[in-house]
Amino acid sequence: MVQDRRRSRRARKSDDVKNNLPLTNPGIPGGTYRPLRSEDITLIIDASYEILQRTGIQVLEGSCREVFRSAGCRIDDENDRVHIHASLIDQTLEIARSEILLAGLEDRHDLHLGDAGVYLGTGGSAVNVMHLDGQVRQSTLRDNYDIGRLCDQLENIHFYMRPVVSRDLETEDIGINSYYACQAATKKHVMSNEYVPENVWRVRELGNMISGGAESFERRPIFSSALGFTVSPLRFAMETIEILDEVIKHGIPVALSTAPQAGATSPAALAGTLAQMTAEQLSGFVYVNLLKPGFPVLMGCVPAQADLRTGAFTGGSAEFALLHAATAQIAQHLKLPLYNSSGIADSKTPDAQAGFEKGLTTATAALAGSNYIHHSAGFLDSLMTVSYEQFVIDNDFNGSVMRMVRGIEVNEETLSLDTIDTVCRGPGHFLGHEQTLRLMNSEYYYPETFNRKSRDEWQESGAHEIRDVARKRAQSILGNHYPQIIPPELDREIRKRFPIRLPETVMRSE
């Protein structure tokens, strides 16, 4: 009988043994953590359908509303509300893409989004920066370049979404410069946004130039956009819809972001927030697919909560973690690729509170199988501030989380029957066994910034805390890593065509 069980285990042994994969391989499938039962998911999605039919979504007069009218939606012109019928939602879900490629400049940085594959990266729109000297100042365009150089060397940050607002630029110049500064710093996929509808063409043209032409960008889009297309509860942000129309026209993949706050701009009941948010998302998917069926669009769910004692936004809570894990389940049920969030610490410095908040929210989102998890690195102060040190620390958090997502490989080899028998019969021990030496770098993740020395060893080596270690590594990268992503001749063409504000001298070590 023992032999029969061993033969059964052999039959189940995968040809693609995880021990042969990189330890924290991007795109590893999650989905083991499931806060919602299957029937809960169905109830939430059914409720979102009812919300769109009964309450509808506010869409002010204009071409957007007429798109819905032409599709047969019931329009309440007096109250500016569009009521979307269930059959149109069903038709949309039939044609919406279930998988999307967001490409890097090298294949190893490609993001294959869909199902439960997990990628972790930076986020966007901080207005302050905590630099390595500990001082907090306003964010600038150069920060997007310098943080990009840093993240280019951090292997557990899988994509680069513009982390800060370039507060030193005029609005009309922010979009093109953000994309340029980010892509000049890293070969990873770049996501940002444009603030002026008339300037969206510049983003696509820049993408064409860097990727090698329009067909190349179409096949392997190196840029994508994130747009907060709704104002919760249930209202299209018409100024953003104008940008969305141009993004679709120019073929730039887009994440449709909705960010309700439970207790403030959505119900205090978390299930109600999920239902409202799903309704907002479905309205966006209907609109985009009416304009261009099968367009590459991500379900962009960034639910948060208000601290009901003060009304303040909070992103480091257990409720935030639950909401984002639940959105992963909803997206997988709908077969839509997902953009959501983690790592939004409310702490103001890289301290124990930040570590707790980031570990809690990043682990749950990843284990639930969220696809494109932004904000997972660098953020503090409830999205207001990024810290150079924190990017390095979060790289280790992300590596540990991806090790958890990878899970435990169970097969005849890893059950270790021969190893146990050999060690127990002696002589020898597990620490010196051949299997231990062979698996030490494929079974275990070793954080670079975390301290695992004895207290005596730690004190003798200088008693450096995690911030000290992270600061030293960040200084080393920033002092030495100036990647030449854009060839000089192409860079000159780009600067002739667009108002690039990042000086050429910044982009080399001198």
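How far apart should the end C-alpha atoms of helix H12 be, given its 16 residues at 1.5 Å a residue? A few notes on that and other spots, keeping in mind that this is a predicted model.

1. Start with the helix in the question. H12 covers residues 352–367, and its 16 residues should span 22 Å. The end C-alpha atoms sit 22 Å apart, so expectation and model agree.

2. The two ends of H12 deserve a look. At the N-terminal end, Asp351 acts as the cap, with a side-chain oxygen 3.2 Å from the backbone nitrogen of Gln353. After the helix comes Gly369, which has a positive phi, near 95°.

3. Now for what H12 hides. Its buried residues are Ala354, Glu357, Lys358, Thr361, Thr362, Ala363, Thr364, Ala365, Ala366 and Leu367. Note that Glu357 and Lys358 are on that list, along with several threonines and alanines. As for partners, the buried residues of H12 pack against two helices, H11 (318–334) and H13 (388–406). They also pack against strands S6 (119–120), S17 (338–341), S18 (372–374) and S19 (379–380).

4. Gln281 is worth clicking on. This residue lies in helix H10, residues 270–291, and counts as buried because its relative accessibility is 1%. What does its side chain reach at 3.0 Å? The partner is the backbone oxygen of Gly300. Leaving aside residues up to four places away in sequence, Gln281 touches Leu298, Met299, Gly300 and Cys301, and also Phe229, Leu256, Ser257 and Thr258.

5. On to charges: the model has 28 salt bridges. One of them joins the side chains of Asp173 and Arg501, at 3.0 Å from N to O. Asp173 belongs to helix H6 (residues 171–183) and Arg501 to the segment after helix H18 (488–497), so this pair ties together parts 328 residues apart in sequence. Is each partner buried or partly exposed? Asp173 is buried, with a relative accessible area of 11%, while Arg501 is partly exposed at 44%.

6. H18 itself also takes part in a salt bridge. Arg497 meets Glu205 side chain to side chain, at 3.8 Å from N to O. With Arg497 in H18 and Glu205 in helix H7 (residues 200–211), the pair ties together parts that are 292 residues apart in sequence. Here both partners count as partly exposed: Arg497 has 45% relative accessibility and Glu205 has 24%. For a 3.8 Å pair, keep in mind that the cut-off used for a salt bridge is 4 Å.

7. Two more items on charges. Asp307 and Arg309 form a salt bridge in which the closest N and O atoms are 2.7 Å apart, and Arg309 is exposed, with a relative accessible area of 75%. Elsewhere, shared salt-bridge partners link Arg65, Glu66, Arg69, Asp77 and Asp80 into one network.

8. Last, a surface feature to check by eye. Ile408, Val410, Leu415 and Leu417 make up a nonpolar patch on the surface, together offering about 390 Å² of accessible area. One of its members, Leu417, is found in helix H14, residues 417–425. Leu417 counts as partly exposed because its relative accessibility is 41%.

Technical notes: Residues numbered from 1 in each chain as written. Predicted model: local features only at pLDDT ≥ 70, side-chain atom pairs only at ≥ 80, totals over all residues. Heavy atoms only, no water. Patch = residues over 30% accessible without salt bridge, like charges linked within 9 Å, V, L, I, M, F, W, Y side chains within 5 Å. Areas by Shrake-Rupley, 256 points an atom, 1.4 Å probe, with all protein chains shown as cover. Helix = DSSP H or I, 4+ residues; strand = E, 2+ residues; numbered from the N terminus. Buried < 20%, exposed > 50% of the residue type's maximum accessible area, 1.4 Å probe, protein only. Expected span 1.5 Å × (residues − 1). Contact = heavy atoms within 4.5 Å. Polar contact = N/O pair within 3.5 Å; in protein donor to acceptor, adjacent residues only side chain to side chain.
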